[in-house]
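Visitor: I'd like a close look at one part of this protein. Could you take me through the pocket and then show me what is going on around it?

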Amino acid sequence: MAEILVVYATKTGSTREIAEAIAARIRSAAHEVTVLDAADVGSVEPYKAVVLGSALYAARWRPEAVKFLKRNAPALARKPVWLFHSGPLGSDLSAQKAPSKVRELASRIGADQPTTFGGRLTPETAVGFFAKKMAQGSMAGDYRDWDAIELWANNIAEQLVAAR
Ligand SMILES: Cc1cc2nc3c(=O)[nH]c(=O)nc-3n(C[C@H](O)[C@H](O)[C@H](O)COP(=O)(O)O)c2cc1C
């Protein structure tokens with residue numbers, strides 16, 4: 001059983017790719033890492049630490065990520081947990097405030113508020129009428145900053161090594 005669980009909630013795959021990049025970085029620091037969709041996680045009990053990330057849609061987290069947080073809050077409160085969300089597109093990639101339910105759950109489990117990473121919306125990946133329209137506009141593109149994601153994951157890996 002892996003030591004570290006990286007969980008994601010996505011609609012069009014870009015948050016899963018961020019989760020996979022984070023997992024690869026933590027794994028290279030000699031931790032065993034499992035990456036799972038939030039909807040597919042049974043129990044978090046076997047894991048030493050958890051990273052959870054959701055895509056942002058209409059300023060909300062994906063429902064499966066919120067459900068994961070709620071369902072596992074008591075167990076997560078006993079472990080180190082890092083949260084992120086991904087969404088901003090275009091010229092303003094500033095930090096996004098998490099929805100109030102997520103903020104409340106983050107405080108309850110003793111985790112920092114989520115770190116924001118840029119998102120991706122392209123004509124090839126957009127799903128649904130509004131997304132396809134948006135993907136033809138000036139906000140379209142891939143705004144994920146892989147250096148910032150790696151730096152964040154590195155920091156987690158270092159904290160995990162220090163805690164060994
Ligand atoms: C209809 C729609 C609404 C969105 N709302 C937000 C939002 O409120 N905040 C934000 O930061 N990004 C928003 N985004 C951008 C997405 O979060 C971004 O495309 C993200 O990378 C998608 O992640 P996924 O591929 O994992 O589903 C929105 C995108 C669409 C298509």
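**The largest pocket and its surroundings**

Guide: Sure, let's start with the lining of the largest pocket, which by class has 13 nonpolar, eight polar and three charged residues. Keep in mind that you're looking at a predicted model. The space in this pocket comes to about 480 Å³. If you want to find its centre, look for Leu56, Tyr57, Ala58, Gly87 and Leu89, the closest to it of the 24 residues in the lining. Two or more lining residues come from each of the elements H1, E3, E7 and helix H4 (129–134).

Now let's turn to serine 86. You'll find serine 86 in strand E5 (residues 81–86). Is serine 86 buried or exposed? Its relative accessible area is 2%, and buried means under 20%, so serine 86 is buried. Leaving aside residues up to four places away in sequence, serine 86 touches Thr15, Ile18, Ser54, Ala55, Leu56, Phe117, Gly118 and Gly119. With glycine 118 there's a polar detail to spot too: a polar atom of the serine 86 side chain lies 3.1 Å from the backbone oxygen of glycine 118.

Next, the charged side chains. Side chains of opposite charge can pair when their charged atoms come close. In this structure there are nine salt bridges. One of them joins arginine 120 to glutamate 17, with 3.6 Å between the closest N and O atoms. Arginine 120 sits in strand E7 (residues 120–121) and glutamate 17 in helix H1 (residues 14–28), so this pair ties together parts that are 103 residues apart in sequence. The two partners are not equally covered: arginine 120 is buried, at a relative accessible area of 15%, while glutamate 17 is partly exposed, at 28%. The pair also belongs to a network of salt bridges that links Glu17, Arg120, Asp142 and Arg144.

Let's look at another pair, lysine 48 and glutamate 3. Their salt bridge has its closest N and O atoms 3.1 Å apart. Lysine 48 is in the loop between strand E2 (33–37) and strand E3 (49–57), and glutamate 3 is in the segment before strand E1 (4–9), so the bridge ties together parts 45 residues apart in sequence. Lysine 48 itself is partly exposed, with a relative accessible area of 39%.

Finally, find arginine 62 and glutamate 64, whose side chains meet in a salt bridge at 3.6 Å, N to O. Glutamate 64 counts as buried, because its relative accessibility is 17% and the cut-off for buried is under 20%.

Key: Residues are numbered from 1 along each chain as its sequence is written. This is a predicted model: local features need pLDDT of at least 70, side-chain atom pairs count only at pLDDT 80 or more; totals for chains, interfaces and linings use all residues. Side-chain values use heavy atoms; hydrogens and water are left out. A salt bridge is a side-chain nitrogen of Lys or Arg within 4 Å of a carboxyl oxygen of Asp or Glu. Helices (H or I, at least four residues) and strands (E, at least two) are DSSP runs, numbered from the N terminus. Buried means under 20% relative accessible area, exposed over 50%, partly exposed in between (1.4 Å probe, protein chains only). A polar contact is a pair of N or O atoms within 3.5 Å; within protein, one must be able to donate a hydrogen and the other to accept it, and residues adjacent in sequence count only if both atoms are side-chain atoms. Contact means heavy atoms within 4.5 Å. On a 1 Å grid over the protein atoms alone, a cavity is a set of points where a 1.4 Å probe fits but cannot get out, and a pocket is an open set with protein on both sides within 12 Å along at least five of seven lines; lining residues have an atom within 4 Å of a point. Grid points are joined across faces, edges and corners, and a volume is the space filled by probe spheres set on the points. Ala, Val, Leu, Ile, Met, Phe, Trp, Tyr, Cys and Pro count as nonpolar, Asp, Glu, Lys and Arg as charged, and the others, Gly among them, as polar.
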